[in-house]
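Got your viewer open and a selection box ready? Let's take a walk through this model, one pick at a time.

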Amino acid sequence: MDKAKFNAKGLLRNQQVILLVVLFAMAAFFTSQNSIFLTNAVFGNIISDWVPLVLIAIGETFVIISGGIDLSVGSAVGLSGIIAAFSMRYFTAHNMTDNLSLTLGLLISIGIGAVVGLVNGFLITKANMVPFVSTLVTLGAARGLCIVLTAGGPIADGPSNAIDLSVPKVGPFSYPGVAVLGLVIILGLFMHKARFGRYTFAIGSNAFAARSAGINVNRHLVKIYALSGALAGIAGMYFYLRLGVGSPTSGQSGELNAIAAVVIGGASLSGGVGKLLGTALGSLILVTVTSGLIIIGVAANWNQVVVAILIAAAVFSQGIRTLGKKNK
Amino acid sequence: MTSQTPIYEARNISKSYGSVDALVGVNLKIHAGEVVGLVGDNGAGKSTLVKCLSGAHQPTSGQMLLDGKEVEWKTPHEAIEAGIETLYQESGLAPDLSVSSNVFLGREELVKGPLGRLGFLAQKSMDKKAHEDLERVGIAVPASNRAVSQLSGGQRQAVAIGRAVSWASKIIILDEPTNHLGARQAGEVLNIIERVKSEGFGVIFISHTLPHVLQVTDRVAVLRLGRLVADKPTSEFNSETLLGTITGLIGE
Ligand SMILES: Nc1ncnc2c1ncn2[C@@H]1O[C@H](COP(=O)(O)OP(=O)(O)OP(=O)(O)O)[C@@H](O)[C@H]1O
Ligand SMILES: [Mg+2]
């Protein structure tokens, strides 16, 4: 289609436009039901929920575009958060300044997440396990470790200013939220404008072609899973800031929300197709639904039903759009 | 036939997939400026030999020599770096990527400066060059930023051939390049083969269309059940004797 013929039909084929329309429609609906929805406090909450979700959903997007799946991101959030919490408790007990201890906590959290991702990568490329199974293994192992290490309770006594950092400062964004927003943009450029993303798409589109074009497919896959884990690590630290403690249940079922966000965002589970902007909007839709339903007083369990409908609608509309392409 | 050292040579190559012996002690030589036809029935081992020569598979035993020096490919990347380009029988293109992204796959151009060091792509320049490369090869393709999945089977094949021809520096291996092509496009592919031959490349041409093989090759190697059963100048074959050799009606 050339630019002169840019029309409404073309617009509707664009997943991002559809997502924006859905998002505004939802916001309008929730506001009409309860005008509280349109306040900074609610937006602040929505963004605070969005930040950790978009982090793991972006990792999941790279993984899914490469033709894989990462079921371990939720557990990686939990494990990295509590290891960071243990470390920061130790640092604080040894009179380290809050800021230094938070910085180290962040690095440790990223490191633990990356280790989970590296384990996934090695199980997939060296042990030849399919991604579904290898990340199922690390899902169980990491969540199990969370419970064992913490005996199920929160890990407190870290830096006392941690929770201040999760307060909205820039519109609905906290300072860490702004940093994550910046990171989202950078990762979007890496996905769509840089070689890292190009190889990811190529592998998911046709791994044989990627390999025979000289791409080191296994090494790239390890990098992708490590990135996914590292982003889960940042999300783990973010939950720590929000709660002020490390919780062994942080990120629980995060993998399902992440996959939902990716699918709603328009990526194909068979690989090779996806957009980071789609995932960012998909995540935003998910957290908006959750907050909105609570605010208009719908029982919390309906949330899952609505999310299920959104996923079905997204996949359905994807089918329609591909049909449209093929008929051209 | 020339007596100089072949640019590429396979000596006594065997390859087994589990209990299947796909190749047994196969020898093959390719000289510069020579087109070697590789023929045989379905399952004879042609693609397997191609994959050994291109580094996609490792032979179970045997040697390969490039310019007379022994080489061993652990990955396709190493063979590509050495100047060997391959068009595989199964699609070697990533359908979700654009034409130019496919042409440049694995050797992307980066923007200059620090962003380039971070891996940022010079997409405009690649779009332009891919278009020029394909045109130079004599292949008309639609806009190079179109996704390959939106091309016809023949156009895809053209992109894959263009990719191989524009990057090769020594050897071009074409595994059934005229598949999916109409008569006119198949004719274009044969022209391309003749041109790269005249530019001094060594070409391995695999096809089940024997008239094409007889038309464009200098020498024909025949595989049957994984064994080389004939390797002679094309002039010593006609379509009947070639078919007979392939099917085994004519013994060696
Ligand atoms: N990846 C593989 N795993 C197991 N067996 C294989 C594999 N690839 C090929 N084979 C077997 O090796 C033998 C040779 O196959 P190959 O693909 O080389 O034949 P070919 O001559 O290219 O045939 P065609 O003309 O049909 O393309 C066949 O028996 C085939 O079944
Ligand atoms: Mg074959």
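Accessible areas here come from the Shrake-Rupley method with a 1.4 Å probe, and for residues only the protein chains shown count as cover. With that in hand, select chain B and turn on its surface: it comes to about 11,200 Å², 50% of which belongs to carbon and sulfur atoms.

Before going on, some housekeeping: this is a predicted model, where local features need pLDDT of at least 70, side-chain atom pairs count only at pLDDT 80 or more, and totals for chains, interfaces and linings use all residues. Residues are numbered from 1 along each chain as its sequence is written, chains are lettered from A and ligands numbered from 1 in the order in which they are written, and side-chain values use heavy atoms, with hydrogens and water left out.

**Stop 1: chain B as a whole**

Switch to cartoon and you'll find nine helices and ten strands in chain B. (Helices are DSSP runs of H or I with at least four residues, strands are runs of E with at least two, and both are numbered from the N terminus.) Along the principal axes, the C-alpha trace spans about 60 × 40 × 35 Å. The radius of gyration of chain B is 18 Å, which agrees with the value near 18 Å for a compact globule of 252 residues; this is taken over C-alpha atoms, and the globule rule is 2.2 Å times the number of residues to the power 0.38.

Color by burial next: 52% of the 252 residues of chain B count as buried. Buried means under 20% relative accessible area, exposed over 50%, and partly exposed in between, using a 1.4 Å probe and protein chains only.

**Stop 2: the magnesium ion**

Now select ligand 2. Which protein atoms serve as donors to this magnesium ion? They are B:S47 (OG) and B:Q89 (OE1), lying 1.9 to 2.0 Å from the ion. B:S47 sits in helix 1 (residues 46-54) of chain B and B:Q89 in the loop between strand 6 (84-87) and helix 3 (99-103), so the pair ties together parts that are 42 residues apart in sequence. Donors are N, O and S atoms within 2.8 Å of the metal (3.2 Å for Na, K and Ca), and water is not among the atoms, so sites may look incomplete. Check the surface at B:Q89 too: this residue is partly exposed, with a relative accessible area of 38%.

**Stop 3: B:V36**

Pick B:V36, in strand 3 (residues 35-39) of chain B. Is B:V36 buried or exposed? B:V36 is buried, at a relative accessible area of 0%. Leaving aside neighbours within four places in sequence, its contacts include B:I30, B:I204, B:F205 and B:R219, where contact means heavy atoms within 4.5 Å.

**Stop 4: over to chain A**

Select chain A and the cartoon changes character: 13 helices and zero strands. Its C-alpha atoms fill a box of roughly 65 × 55 × 35 Å along the principal axes. For 328 residues a compact globule would have a radius of gyration near 20 Å, and chain A agrees at 20 Å. Bring up the surface again and you have about 14,500 Å², with 69% belonging to carbon and sulfur atoms. Buried residues make up 51% of chain A.

**Last stop: A:S291**

Zoom to helix 12 (residues 276-295) of chain A, where you'll find A:S291. A:S291 is buried, with a relative accessible area of 12%. Show the side chains of A:I46 and A:D49 as well: A:S291 touches both, not counting residues up to four places away in sequence.
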